[in-house]
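Please look over the sequence and the structure shown here before reading the briefing. The points that follow are meant for someone meeting this structure for the first time.

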Amino acid sequence: MTATNGEPVPGSDAAGVPPEAGAAGARPPHAPLGAGAARSDTVAAVVGQWQAVHPELDTGPMEVIGRINRCAALLQQAEDAPLRRAGLSRAEFDLLGALRRTGHELTPGELARETFSSGAAVTKRLKQLTGRGLVERRGDARDRRVAHLRLTDAGRDLVDGILPEQLAYETAVLSVLAPGRQSELAGLLGELLSRLEGRMDALRA
């Protein structure tokens, strides 16, 4: 379903997912996108096109996964304004944030697990952040192959300064949904995430 990765679909609304999209997936399998189930977002157009091509297939999963992917793409395109002003990517901020919120030194491997990143990606980001004087490394006295990483004073001050701005930015992004709907969405995504985290290895097999 590559058409839902952030690329606008002709004739669709590329502005994002409207508040009412929280009810996605409520229609019965194979049911047409009628008045009660119609959506004005990009994924609705993609799903409608696939239903026209393959009416025998249940496209319900696209309505969920496609919208998650589309929302993620839109957020990435927005580039997190407070982070951009500070010259940080979201991935770099996540790494700095992991060191700040855990409150102790972490190895590169631990940082990779904390930020759901590959070891190679963490190594690249650490090189940039240490070069900027935001992170410092300490060698392990017993194993020279191991490094322990921590924030410098400048790194800690940067994280503490940006976090309120970033939270305000994310609050503005989510303001298209009422607070109750935000809580509902957070609960549903939390349930999905917790279940996927225990199943993805099996699904890859």
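The briefing begins with the overall picture and then goes through the surface, the salt bridges and two loop residues.

The structure is a predicted model, and its 205 residues form a protein of which 30% of the residues count as buried. The protein has nine helices and two strands, and from the N terminus on these elements follow one another in the order α-α-α-α-α-α-β-β-α-α-α.

**Overall picture**

- Among the contacts in the protein between residues at least 6 apart in sequence, 58% join residues that are at least 24 apart.
- The accessible surface of the protein comes to about 12700 Å², and carbon and sulfur atoms account for 58% of that surface.

**A nonpolar patch on the surface**

- V64, I65, I68, L185, L189, L192 and L196 make a nonpolar surface patch of about 520 Å², and the elements that give two or more residues to this patch are α2 (60-78) and α8 (179-197).
- Helix α8 gives the most to the nonpolar patch, with four residues.
- One of the residues of the patch is L189, which is found in helix α8 and which counts as partly exposed because its relative accessibility is 39%.

**The second largest pocket**

- The second largest pocket has a volume of about 160 Å³, and the residues that line this pocket are D58, G60, P61, V64, I65, I68, N69, L192 and L196.
- Helices α2 and α8 each supply at least two residues of this lining, and the largest share, six residues, comes from α2.
- V64, I65, I68, L192 and L196 are named in the nonpolar patch and are also named in the lining of the second largest pocket.

**Salt bridges between distant parts of the chain**

- A search of the whole structure finds 13 salt bridges, and one of them joins the side chains of R85 and E165, with 3.4 Å from N to O.
- R85 lies in helix α3 (residues 81-85) and E165 lies in helix α7 (residues 153-174), so this pair ties together parts that are 80 residues apart in sequence.
- The two partners of this pair can be described by their accessibility: R85 is exposed, with a relative accessible area of 60%, whereas E165 counts as partly exposed at 39% relative accessibility.
- The side chains of R100 and D160 also meet in a salt bridge, with 2.9 Å from N to O, and this pair links distant parts of the chain, with R100 in helix α4 (residues 90-102) and D160 in helix α7, 60 residues apart.
- R100 is partly exposed, with a relative accessible area of 33%, and D160 is partly exposed as well, with a relative accessible area of 35%.

**A salt bridge within one helix, and a network**

- The side chains of R156 and D153 meet in a salt bridge of 3.2 Å from N to O, and these residues are separated by about one helical turn because they are three residues apart in helix α7.
- R156 is partly exposed, with a relative accessible area of 30%, while D153 is exposed, with a relative accessible area of 51%.
- E105, E136, R138 and R150 are linked with one another in a network of salt bridges.

**Two residues in loops**

- F116 is found in the loop between α5 (108-115) and α6 (119-131), and its phi is near 55°, which is a positive value in a residue other than glycine.
- Most residues other than glycine have a negative phi.
- F116 is exposed, with a relative accessible area of 72%.
- T152 lies in the loop between β2 (147-151) and α7, and T152 is buried, with a relative accessible area of 14%.
- Leaving aside its neighbours within four places in sequence, T152 is in contact with G133, L134, V135 and E136, and among these residues E136 also belongs to the network of salt bridges with E105, R138 and R150.
- T152 and T130 are 22 residues apart in sequence, and their C-alpha atoms are 9.1 Å apart in space.

Key: Residues numbered from 1 in each chain as written. Predicted model: local features only at pLDDT ≥ 70, side-chain atom pairs only at ≥ 80, totals over all residues. Heavy atoms only, no water. Buried < 20%, exposed > 50% of the residue type's maximum accessible area, 1.4 Å probe, protein only. Contact = heavy atoms within 4.5 Å. Areas by Shrake-Rupley, 256 points an atom, 1.4 Å probe, with all protein chains shown as cover. Patch = residues over 30% accessible without salt bridge, like charges linked within 9 Å, V, L, I, M, F, W, Y side chains within 5 Å. Salt bridge = Lys/Arg side-chain N within 4 Å of Asp/Glu carboxyl O. 1 Å grid on protein atoms, 1.4 Å probe; cavity = no way out; pocket = protein on both sides within 12 Å on 5 of 7 lines; lining within 4 Å. Points joined across faces, edges and corners; volume = space filled by probe spheres on them.
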